[in-house]
Amino acid sequence: MNLETREENGVIIFELDGEVDLETSPLLRQALLDHVNKGTPVVVGMADVAYIDSSGIASLVEAYQTGRRSSTGFILANVSDSALRVLQLARLDKVFTITATIDDAIKDLTT
Amino acid sequence: MEQSKTESMHQGIQEQINLLASMTSEFANTLDVDDTLSKALPQITDYMQAEGAAVFLLDEDTQVITCIACFGATEITGLTLEYGQGIVGKCVADNEGALVRDVQNDPHFYAAVDDQTGFTTRSILCAPLSVKDRCVGAIELVNKKKSDDLFEENDLQILKTLASSAALAVLNARLAKALVEQERVKRELELAAEIQKRFLPDRIEITGPELPIAGVNKAARGVSGDFFDYFKLPDGRIYFGLGDVSGKGINAALLMSKTASLFRCLGKTVRDPGRLLGIINTELCETAAHGMFVTMAAGIYDPRPGCEGLIRLANAGHEPVLLHVDGKFETFGADGPPLGIVPPLPGEDGAYPEVQIFPKGGSLYIYTDGLTEGYTSTGLPLESEGVRKILNACADEDLQGRLDQLVGAVFQVGNTLRDDVTVLALTDSLRPQDETNTKLMQRGDESNEEMDGEWLIDFRFPARPSWMKMARACVREACIKVGCDDALTNDVVLALDEACQNVIRHAYGGPSDEEIELNVRQRPGRLVFRLRDFAPTVAPDKIKPRDLDDVRPGGLGTHLIQEVMDDVQYLRPSHGEGNLLKLVKNIEINKG
């Protein structure tokens, strides 16, 4: 799982890949919270997420809620089919803001 | 008159030579000395004009001197004397002949025989049966026939000469007997070695291009104190082990046989190498004798798709295990003492620690110190540097070729090995590059074990997050095997992952070395999963799904399981403590 980030127009961009599971999700959770707690808007690109479980989803939910409370934005972009399936099963696909591309997400967060 | 005296002397010498010649020839040609001596005694007695004669042999182990044949006079066959006892005993002890012309006044005379038999011994002639310094008995003559006659120095010389050739015959016969015995032991050793060889495993039947695992065992003597073994588990994983019993020879071979049997028998049910070594250790501590011990490395290689060729390895006091990947070496040394030395603490299972190795297409080598300490053609030990050099030089050869190179370095035909040499090598080639290619994973027909439909998976693993990847790979494998499509497979994998996570969180209260047992069975139209833990019973309401309208992190897992599965039941295991979760997924497909 890749946790490197880049910044574009004040937006922190994650591009996750590989498997987000019980072993790796604590790292993701901490990385996401570090940014949203500072009030930075975050885009999580999920095109290359091969697998995500409930613990990974929970990390996203927690970051999303924290971001919402502090009025910063939190968007999932380009979500892979397998990750989208889990969001659907969890009935969270309508809760998150999801965009087709990372650029769309940045646009949403900066306008 | 003068002439007739000379003639009679000539005649005497001639008779003497004839007797010596016939005796010597008979002694030289016999292996049944007792019989030959018995037959020779009358001739000797007659020639020497004695009343009686007896042959005594010394048992070199017990130092007891026994009469094995006698003639004339009194019957004393079976009479035993102590070393140095009586005139005969002294003759044997001193390895010197004796001429006693006044027996009754000789301090060494053993009068008990005369007392018992009523025979009166007047004079004795005794010559040792000896070759150089080694005396094996004595010939004794008693009383000249003419009552007023006594033995003379000349008689002793003749008897000594006869005794020498008899002694040679006795030694020859003993040597022959020892040779026969040696031959018998050798034949038995050859049989034992033959049986031992059958302990070594047959080739594993695989459909891949190359043998994934192979071993070599060269015994320094007929039988070996080393062994290696490997066998395939029904789920496709390969169990392997190599051991080296301290010492050499029969006692080491017997302990080797025991250890090898324990490994193969227990390995079929104890699918954790560390725990297996722990159990063997306990067993050997209870029963092994004389401070003997076994160094052993054991592991499980997982060639199944998605499992990345994981090797779980445990090392009980054995030489470091060598991993060779792309010209680089990594070693995995002993994490515990050899087997049979330290019994586990009361109440503990004494499991050895395991390391996880991802071989990345490389090869793993386990060998005994007979290889590293074996002499090469330069006269110096091979050492572990030598092993690495050879492996680098022959990296392109197949597994068997590499093994041959290694053993060939210390084993030259005609030379004696310094110690048993055993090498086991495993190459991570069975795993298909394309992880969706499942053809290699088709199991044989032998694994049709009934529990609840066709056996797909039996897998036990520690309740730790790091094992989830493996658990998912196994479930994925089962789904693909029965023909589930990608979407269905992904859902089922997710549900099982979530169920395992629940066990870690709720049953074990967090990551634990305790285990989760996963069984997957195929029944007509459905897949049945059983997930068992060994924790205290958990009330199912503790893991009920949360209300989905309440958007918050956590609590999702149970909902996902129920969303995916067609039937979810929380059960009690039929035996032992723990919780059992039964999940059923209906499947329409099962394409032939």
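Colleague: Which residues in helix 12 of chain B meet helix 3 of chain A?

Modeller: Bear in mind that this is a predicted model. On the chain A side, helix 3 brings Ser82(A), Arg85(A), Val86(A) and Leu89(A) to the contact. By class, the contact between these two helices has 3 nonpolar, 2 polar and 2 charged residues. The partners from helix 12 of chain B are Asn490(B), Asp491(B) and Leu494(B).

Colleague: Is helix 3 of chain A oblique or roughly parallel to helix 12 of chain B?

Modeller: Helix 3 covers residues 81–89 of chain A and helix 12 covers residues 486–507 of chain B. Their axes lie 11 Å apart and the packing angle is about 60°. Roughly parallel would need an angle under 35 degrees, so helix 3 of chain A counts as oblique.

Colleague: And what is the handedness of that crossing?

Modeller: Picture helix 3 of chain A passing helix 12 of chain B. The crossing there is right-handed.

Colleague: Is Arg472(B) buried or exposed?

Modeller: Arg472(B) sits in helix 11 of chain B, residues 468–481. Leaving out residues up to four places away in sequence, Arg472(B) touches Glu19(A), Asp21(A) and Tyr51(A), plus Val493(B) and Asp497(B). Its relative accessible area is 3%, and the cut-off is under 20%, so Arg472(B) is buried.

Colleague: Zooming out, what share of the residues in chain B is buried?

Modeller: Chain B has 13 helices and 21 strands, and exposes about 28200 Å², with carbon and sulfur atoms supplying 50% of that area. Of the 592 residues in chain B, the buried share is 50%.

Key: Residues numbered from 1 in each chain as written. Chains lettered and ligands numbered in written order. Predicted model: local features only at pLDDT ≥ 70, side-chain atom pairs only at ≥ 80, totals over all residues. Heavy atoms only, no water. Helix = DSSP H or I, 4+ residues; strand = E, 2+ residues; numbered from the N terminus. Buried < 20%, exposed > 50% of the residue type's maximum accessible area, 1.4 Å probe, protein only. Areas by Shrake-Rupley, 256 points an atom, 1.4 Å probe, with all protein chains shown as cover. Axes fitted to C-alpha atoms, helices over the stretch in contact; angles between N-to-C directions. Parallel < 35°, antiparallel > 145°, perpendicular 65-115°, else oblique. Left-handed = near helix turned anticlockwise from the far one by under 90°. Contact = heavy atoms within 4.5 Å. Nonpolar A, V, L, I, M, F, W, Y, C, P; charged D, E, K, R; others polar.
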